[in-house]
Amino acid sequence: MSNKLLEIKNLSTSFRIGDDYYAAVDDVTLTLNKNEVLGIVGESGSGKSALAFSIMRLHNRAKIEGSILLNDQDIVDMSAANLNKLRGDDMAMIFQDPLTALNPLMEIGEQISEALLLHNPRMTQKQRKQRVIELLNLVGIPRPEFVYEQFPHELSGGMRQRVVIAIAISNKPELLIADEPTTALDVTIQAQILDLIRKLKEEMNAGIILITHDLGVVAEMADRVAVMYAGQIVEIAEVHTLFENPLHPYTKSLLNSVPTEGQDKLHVIQGIVPSLKNLPRKGCRFASRIPWIDASVHEENPVLHEVKPGHFVRCSCHTHFYFSEESKEAEKNGIS
Amino acid sequence: MWKFIVRRLFVTFPQIVILSVIIFILAQMMPGDALTGLIDPNIDPAAIEEQRERLGLNNPWYVQYSDWVKGVVQGDLGQSFRYKMPVSDLIEQRMINTFWLSLLTLIFTYAMAIPLGIISGRWNDTWLDRAITGYTYIGFAAPLFITALLMVWVFGFHFGWFPTGGSVAPGLTPGTFEYFISKLQHLLLPAFSMAVITTVSTVQYLRSEIIDTKQKDFIVTARAKGAPESRVYNRHIFRNSLLPIAAFFGYEISGLIGGSIFIESIFSFPGMGQLFLDSVLLRDYSVVTSVVLIFGIAAILGALLSDIILSIVDPRIRIK
């Protein structure tokens with residue numbers, strides 16, 4: 001049996017704006033092994049969540065091309081009925097905002113129970129309730145019997161995120177996608193939730209895709225990291241390699257933007273992520289944000305190169321990249 | 001839950017008291033009194049004054065008010081000058097008619113609004129949705145009395161399928177099957193005419209609620225659990241979208257008593273709305289004040305009912 005859990009090949013997810021389709025996820029190829037944590041990082045709007053939603057096929061109106069193989073089954077062409085068998089069972093998702101991810105009119109117990117009901121029709125109501133209590137215990141909710149009958153508005157954000165996690169792991173998924181699971185939470189709660197995810201990962205042997213824009217989280221949790229920019233993966237590497245030897249200008253800029261001790265002002269990447277409609281479809285997409293680099297060093301159609309085993313980087317511009325004098329100057333003078 | 005209802009009831013009581021005071025003051029401000037215009041002007045003014053004294057019309061207002069409230073509490077709403085019968089008997093008759101008319105209207109309204117709203121909201125921006133929204137715009141734009149007249153003309157007059165007035169055919173004994181059928185026949189057309197118009201706001205409301213709920217995050221959660229579309233809609237979207245409609249239901253109930261002046265006039269249906277209009281035109285003051293009081297109480301109780309329904313269906317509103 002191969003060790004591959006998820007294999008994504010040339011995935012493009014496009015949304016319709018006016019009469020045309022624009023790709024939010026553009027030609028993404030990646031693999032996830034069993035029991036591995038793959039971190040996906042990037043700015044807001046870089047296509048991380050769009051990628052996650054594509055894997056779950058949760059987009060309402062999107063054109064998905066390419067292939068997504070989960071245990072060698074292609075999700076892209078799958079019928080709705082088959083997809084529903086996978087969702088919540090083999091693959092599950094933890095959402096960004098626990099405050100809105102739960103149905104306000106349903107008891108907590110009922111919401112977790114629903115996930116069990118949908119995939120284990122033969123389970124009796126009593127067994128389901130027992131399992132829900134077990135799950136609530138597992139995700140560290142005190143007094144599970146009491147919480148079972150509570151409504152979402154009666155719980156705090158951290159508790160609700162635990163419930164969302166309980167729903168996701170209720171059927172022991174092989175693939176767990178965590179879409180910025182800690183973004184909406186307080187820092188102290190963030191650490192607790194990450195600990196919980198790590199603990200569950202060890203217990204379940206699931207492959208996890210962890211989407212975040214927090215590099216600290218990635219360094220702590222991930223085995224491998226994919227960096228996304230403007231819908232494309234610009235660099236993939238083992239977590240240590242990426243942090244010690246980043247290659248792509250975007251990765252370098254991102255890492256450089258993390259505050260360090262003794263630093264007066266933050267480094268800022270110039271410009272903004274171009275909107276979906278205004279994305280340059282040709283050439284290096286990051287070129288517009290490093291204007292001081294000679295334009296001729298970019299590839300015409302940048303592809304991922306394997307520079308070392310397991311370390312891929314897009315576009316040849318990385319060999320010529322340096323932080324601009326201007327940006328260094330700005331750093332020194334404190335323009336933020 | 002019970003705590004909430006009891007607390008809510010405490011608010012309701014003063015509301016009703018204030019309402020009764022306002023109605024009493026308004027009645028006092030109306031020109032003339034019970035004897036004006038009722039009595040031959042050639043009668044000796046002293047005799048009229050004596051009558052006034054006997055009826056307590058010269059007492060200070062608070063004595064009159066307390067007399068009135070005492071009467072109302074005991075079910076004595078006074079005498080109707082026009083119908084020469086106790087107002088309570090008169091209202092009882094009319095209220096029963098109006099109740100059935102409104103109940104049927106309500107059934108028609110929801111029977112149309114819920115499926116139309118659900119179809120329109122679930123498949124929004126399809127041709128079916130456009131047809132339904134088109135109908136609601138026409139419904140908003142067309143005045144009730146025009147639609148009702150059109151209905152009378154088409155179904156009552158032209159086709160002759162339904163009677164065009166009254167609440168029952170004359171000469172039938174109450175309690176018989178024919179009597180019941182005749183009652184129902186008299187109800188169908190006015191109830192339907194009204195429902196066709198009143199349903200449009202509920203359709204629109206439900207449609208936009210569903211479209212709104214469809215985009216909520218917890219719907220994505222439900223899909224991610226592997227719930228099929230039918231379950232997503234039935235268990236998650238509709239339940240959450242019907243909430244405001246359920247809350248509105250209480251107010252609709254108050255319409256059961258109030259009736260509709262337009263519909264009852266056009267169909268010359270002997271109900272509360274028509275009684276109100278007639279008694280105003282004929283200056284049958286004791287009837288007017290009683291009817292206004294009952295309408296007011298109905299509105300207050302409707303709001304109370306709405307709050308109670310909402311507290312039952314929405315756990316976020318319950319008070320611990």
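Two strands are taken to pair when DSSP finds at least two bridges between them. In this predicted model, β1(A) and β2(A) meet that condition with ten bridges, in the antiparallel sense. One of the matched positions is A:Leu11, whose bridge partner in β2(A) is A:Val28. The two strands form a hairpin with two residues between them, and in this hairpin A:Gly18 adopts a positive phi near 65°.

Strand β1(A) also pairs with β4(A), again in the antiparallel sense, here over seven bridges. Within that pairing, A:Glu7 has A:Leu69 of β4(A) as its bridge partner. Strand β4(A), residues 63-70, in turn pairs with β5(A) over two bridges, and the sense is antiparallel. A:Leu70 is matched with A:Gln73 of β5(A). Taken together, these strands make up an open sheet of four strands in chain A, with the order β2-β1-β4-β5 and antiparallel pairing. The edges of this sheet are β2 (20-33) and β5 (73-74) of chain A, each of which pairs on one side only. Helix α1(A), residues 48-56, packs on the sheet and touches β1 (4-17), β2 and β4 of chain A. The direction of helix α1(A) makes about 75° with that of β2(A).

A second open sheet in chain A consists of eight strands in the order β6-β7-β8-β3-β9-β10-β12-β11, and its pairing is mixed. Its edge strands are β6 (91-94) and β11 (304-308) of chain A, each pairing on one side only. From one strand to the next, the twist averages 20°. Inside the order, β3(A) (residues 37-41) and β9(A) (residues 224-229) pair in the parallel sense over four bridges. In this pair, the bridge partner of A:Ile40 in β9(A) is A:Ala226. Helix α6(A), residues 157-169, lies across β6 and β7 (175-179) of chain A and runs at about 175° to β6(A).

The unreviewed UniProt entry lists residues 6-255 of chain A under "domain: ABC transporter". Over this range the chain is 39% helix and 28% strand, and the C-alpha atoms at its ends are 27 Å apart.

Chain B is divided into domain 1, residues 35-76, and domain 2, residues 88-313. The centres of the two domains of chain B, taken over C-alpha atoms, are separated by 40 Å. For chain B, an unreviewed UniProt entry places the feature "transmembrane region" at six ranges of residues: 9-30, 99-120, 132-155, 187-206, 241-267 and 287-313. Two of these ranges were examined for their secondary structure. Residues 99-120 of chain B are 100% helix and 0% strand, with end C-alpha atoms 31 Å apart. Residues 132-155 of chain B are 92% helix and 0% strand, and there the end C-alpha atoms are 23 Å apart.

The two chains touch each other, with 17 residues of chain B in contact with 24 residues of chain A. On the side of chain B that touches chain A, the elements giving two or more residues are α8 (217-224) and α9 (229-258) of chain B. The largest share of that side, six residues, comes from α8(B). Sorted by class, the side of chain B that touches chain A contains six nonpolar, four polar and seven charged residues.

Notes
Residues numbered from 1 in each chain as written. Chains lettered and ligands numbered in written order. Predicted model: local features only at pLDDT ≥ 70, side-chain atom pairs only at ≥ 80, totals over all residues. Contact = placed C-beta atoms within 7 Å. Axes fitted to C-alpha atoms, helices over the stretch in contact; angles between N-to-C directions. UniProt positions renumbered as here; feature names shortened; annotations may be inferred. Nonpolar A, V, L, I, M, F, W, Y, C, P; charged D, E, K, R; others polar. Domains from an automatic or database assignment.
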